[in-house]
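Trainee: I have just opened this one and would love a guided look. Could you walk me through it?

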Amino acid sequence: MNHYVKAAVRAQRLSAVLLDAAKSHPRGHAEGRALRAAARHLLGAGNALATSALSGNTDRATDRAFLLARRQLAFDTSVDSAVIDHVTAPVTGITPRLEPLSSLDQDHVRRHRRQLAQLLDLAPRFDDRDDDVATAAFTALIRLYRDRARLVDDIHNGRTAQPTATFRTADGRRSGEHQPGFLTVLIGGQVAAELAVPLDIAAGEIWRLIADTQPLTEVSA
């Protein structure tokens with residue numbers, strides 16, 4: 001597969017993942033809007049790369065689309081813009097890597113090694129012929145970078161394992177797992193959303209997010 005085509009397909013697949021993630025946010029949520037905008041820019045970049053497959057070089061429109069997608073992710077979402085490096089890698093020739101960490105704490109070292117192994121496992125799946133396999137790999141990549149951010153933050157603040165608070169509705173159908181700065185909402189035991197939240201978020205706001213988050217199957221595109 002031509003390396004421009006490979007990058008174009010990756011851009012389309014990551015765009016689909018971001019659009020799917022946007023559906024899990026309550027209507028009007030800022031992160032949902034930003035994810036949709038980033039997805040649109042990635043689609044634009046993918047189309048431009050498909051054209052580059054014929055001409056043999058990228059143009060400014062491609063670079064600008066990727067730049068705008070990165071900005072949307074960096075400023076308004078909990079998705080690390082570094083995931084885009086895995087989209088552009090076939091064209092740039094630069095393989096994204098996880099930087100070494102300075103901590104000698106055994107918990108930190110263990111988590112770092114696990115993340116390295118996860119990235120090695122995911123990398124060949126981005127170009128899988130099965131779209132479901134590839135999009136699942138990009139979804140896992142987003143989660144990997146979230147875990148990475150938590151690890152870096154833990155090292156910076158001298159923490160080891162993150163404390164987790166669990167919120168569960170009376171009927172047991174909805175629940176939330178809150179860690180400092182992050183909230184995972186589950187519906188029927190399945191992850192419905194992973195949200196970045198303020199460090200000082202109140203319990204009432206956590207309950208509201210749990211109640212407002214919609215299952216992906218109930219939200220129209």
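Trainee: How many residues lie between E1 and E2 in their hairpin?

Mentor: Happy to start there, with a predicted model in which local features need pLDDT of at least 70, side-chain atom pairs count only at pLDDT 80 or more, and totals for chains, interfaces and linings use all residues. Residues are numbered from 1 along each chain as its sequence is written, and side-chain values use heavy atoms, leaving out hydrogens and water. Helices (H or I, at least four residues) and strands (E, at least two) are DSSP runs numbered from the N terminus. In the turn, Gly172 has a positive phi of about 75°, and the residues between E1 and E2 number five.

Trainee: Over how many bridges do E1 and E2 pair?

Mentor: Two strands pair if DSSP finds at least two bridges between them. One bridge has Arg168 with Ser175 of E2 as its partner. Strand E1 (residues 165-168) and E2 are antiparallel, and their bridges number four.

Trainee: Which residue takes a positive phi in the hairpin of E2 and E3?

Mentor: E2 and strand E3 (residues 182-187) run antiparallel, joined by six bridges, and Arg174 sits opposite Ile187 in E3. Two residues separate these strands in the hairpin, and the one with a positive phi near 90° is Gly181.

Trainee: Is E2 largely enclosed or not, and how many of its residues are buried?

Mentor: Buried means under 20% relative accessible area, exposed over 50%, and partly exposed in between, with a 1.4 Å probe and protein chains only. Strand E2 (residues 174-179) has six residues and is largely enclosed by the rest of the structure, because the number buried is five.

Trainee: Why is H4 largely enclosed by the rest of the structure?

Mentor: The buried residues of H4 include Val83, His86 and Pro90. They pack against H1, H2, helix H3 (60-76), helix H5 (106-122) and H6. H4 is largely enclosed because, of its ten residues, the number buried is seven.

Trainee: Where is confidence highest in the chain?

Mentor: pLDDT is the predictor's confidence in each residue, from 0 to 100. The chain averages 87, and 94% of the residues score at least 70. Confidence is lowest in strand E4 (residues 190-196), at a mean of 83, and highest, at 96, in helix H4 (residues 83-92).

Trainee: Over which residues is the pLDDT below 50?

Mentor: Contact means heavy atoms within 4.5 Å. The stretch in question has three contacts beyond near neighbours in sequence, and it covers residues 217-221.
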